[in-house]
Amino acid sequence: MRLEPLNYDVIIIGAGMSGLGAGIRLAHYGKKVCILDRHYLWGGLNSFYRLKGYRFDVGLHAMTNYVPRGTRNAPLTKLLRQLRIDYDEFDLRPQSMSATWFPGKRLRYTNEFAFFENEVAENFPHQADRFRSLVKHVLAYDALDLSVPEFSARKAVAQYLSDPLLVEMLFCPLFFYGSAVENDMDFGQFVIMFKSIYCEGLARPPEGVRRVLKVLLDKYKSVGGELRMKTGVARLDVEGGQVRGVVLENGEVLQATKVISSAGYPETMRLLSDYVPGSEGETHGQLSFVESIDVLTKEPRELGYELTIQFFSTTETFHYQKPAEPVDVRSGVICCPNNFVYERPLETPMMRVTSLANYDRWAAMDAGDYPAEKTRWHARVLDEVVKIVPDFRPWVKFTDIFTPTTVRKFTSHVNGAVYGSPIKFKTGRTHLENLFLCGTDQGMLGIVGALLSGISMANMHVLQEA
Amino acid sequence: MTREEIRKAIIDILADIAPDEDTSGLKDDVGLRDQLGLDSMDFLDIVMELRKRYNVEVPSPDYPQLATMTSCLNYLSPKMA
Ligand SMILES: Cc1cc2nc3c(=O)[nH]c(=O)nc-3n(C[C@H](O)[C@H](O)[C@H](O)COP(=O)(O)OP(=O)(O)OC[C@H]3O[C@@H](n4cnc5c(N)ncnc54)[C@H](O)[C@@H]3O)c2cc1C
């Protein structure tokens, strides 16, 4: 006897932020939903793990878009409303202060935008008025209008600012936290990122991403959603312009009226049974990162370090691109998870550093050389980092490092491209009638962005349709 | 349902959708959008909750009928009678 395949209203590929956001919305409104993920832990690019007794987060430096409870028209409060999650549940604690460091200049910011405006005016007095005009333009711009074609943020910003150093310093954090394109970004994305980091701000739960994921998962289950981990999708059977069957890596076949994929555009196309190699075009992202986590025996504060996050470039022109070498040590992001405003210190003092990396170079390495190469590059990164923060190296008791190949292994993103394809698919539609994209390649990045992406794709393609 | 009951049903939905807003002193003839800071995603939710809780269908061309409490009541009364 052959069993009838399990039939769902919606199957979601990926239990990352966007998949969970979409799943909660759909299950809340009575849809029969199943989220499938290949990995054994949920969270995707923002998952968590345990090593040598330490708890680590994969991605989380900070949640962007931090606003106080009740703030209207802000992405964070919008998504909480949509998911029926109370503001306090994420347990967010604001940053103390962050900065962008370039040779000879440091621009600091807090969660009060006026502070940043003042900082720009003091460091670049001749640009102060121009900066205010840019801000006015940014605040008035409707970045969520899907009908506006993409255009270069660099060109748009150049109409306001004339000091190249200020331009580089403004862009640096926005690139690191949200550009899938080398050395530029879409102006709409610039506006979203500008607001999320400078106008709104940064925060983190004391428990890190585990807290956020626990809230999301509990919610998803409480509204009746189904989650299957260690369940990779091997193939999407296509017939007559539709996905007819979702074939799992274990051979099982599921059916769904609609499929929403957060796996990425080229990754999803490759799953199609009628996939023609190359048909995905120029959608393979090139930007990936290495990230190191140094566990310290001392609180960074005791070493005189108070800042939360620092974006830096040791060259006046910031190169946001795939480096020729395995790691670009000239720039990076330094994050101290301990330096948010908590009631009591976190259990583990640590410093995280993110640097641009070259996937191909890491993928080509001999398995035997890989650990030593990680250590060697980490040492070179820290040589630069300690020019910017107090030298914490004598207090390091444990280090974990992940590379573009780690990202590839755990999230299946081609090239370990953290921000996915340089071409985004804002409507979430594909050439197949019942297959949609959410998350990274729909074009909304970061935790808040990915959650909103899942929510809005579920709304647009499933709930509004009915 | 009486008009008063429908009013209560709508307020319950609004309180669920926008828990950080004060729904007690709503003015019947002022737009809900401005009073509660609602956006189009929230209006979709009003529609979805009406369907989920009361089996009432609001087709998308009729969304503007939900603009104020008074217009909601006028529009929904025959549907929820
Ligand atoms: C090092 C690093 C630091 C970061 N720091 C921050 C930060 O501080 N703040 C912030 O807001 N954001 C940060 N981000 C970005 C943020 O993590 C991502 O933008 C966001 O999590 C993307 O979510 P997503 O749902 O779009 O995709 P993903 O998280 O990539 O989810 C996709 C999921 O799909 C699954 N999948 C793929 N293919 C298949 C298949 N065939 N079958 C089954 N499952 C499949 C994968 O296993 C994965 O779980 C960081 C990312 C990294 C890597």
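Here is a short conversation about helix packing, nonpolar cores and two loop residues in a predicted model.

Visitor: Glad to be here; which ground rules apply to this predicted model?
Guide: Residues are numbered from 1 along each chain as its sequence is written, chains are lettered from A and ligands numbered from 1 in the order written, and side-chain values use heavy atoms, leaving out hydrogens and water. Local features need pLDDT of at least 70, totals for chains, interfaces and linings use all residues, and side-chain atom pairs count only at pLDDT 80 or more.

Visitor: At what angle do α6(A) and α7(A) pack?
Guide: Helices here are DSSP runs (H or I, at least four residues; strands are E, at least two), numbered from the N terminus. Axes are lines fitted to C-alpha atoms, for helices over the stretch in contact, with angles from 0 to 180 degrees between N-to-C directions. The axes of α6(A) and α7(A) lie 9 Å apart, and the packing angle is about 90°.

Visitor: Which residues of α7(A) make that contact with α6(A)?
Guide: Contact means heavy atoms within 4.5 Å. From α6(A) come A:M169, A:L170, A:F171, A:P173 and A:L174, and they meet A:F190, A:M193, A:F194, A:I197 and A:Y198 of α7(A).

Visitor: Which residues touch the most other members of the largest nonpolar core?
Guide: A nonpolar core is a set of buried Ala, Val, Leu, Ile, Met, Phe, Trp, Tyr and Cys residues joined through side-chain atoms within 4.5 Å. Buried means under 20% relative accessible area, exposed over 50%, and partly exposed in between (1.4 Å probe, protein chains only). This core has 63 residues, and those touching the most other members are A:F176, A:F190 and A:F194.

Visitor: Which helix gives the largest share of this core?
Guide: Its contribution is 10 residues. The helix covers residues 164–176 of chain A, and it is α6.

Visitor: How many residues of α13(A) are buried?
Guide: This helix runs over residues 446–463, and its end C-alpha atoms are 24 Å apart, which agrees with the 26 Å expected at 1.5 Å a residue. The expected span is 1.5 Å times one less than the number of residues. The helix is largely enclosed by the rest of the structure, because the buried residues number 15 of the 18.

Visitor: Is A:R84 buried or exposed?
Guide: A:R84 lies in the loop between α2 (75–83) and β5 (93–94) of chain A. Its phi is positive, about 55°, although it is not a glycine. With 14% relative accessibility, A:R84 counts as buried.

Visitor: And what is the phi of A:N415?
Guide: A:N415 is buried, with a relative accessible area of 13%, and lies in the loop between α12 (404–411) and β18 (435–437) of chain A. Although A:N415 is not a glycine, its phi is positive, at about 60°.
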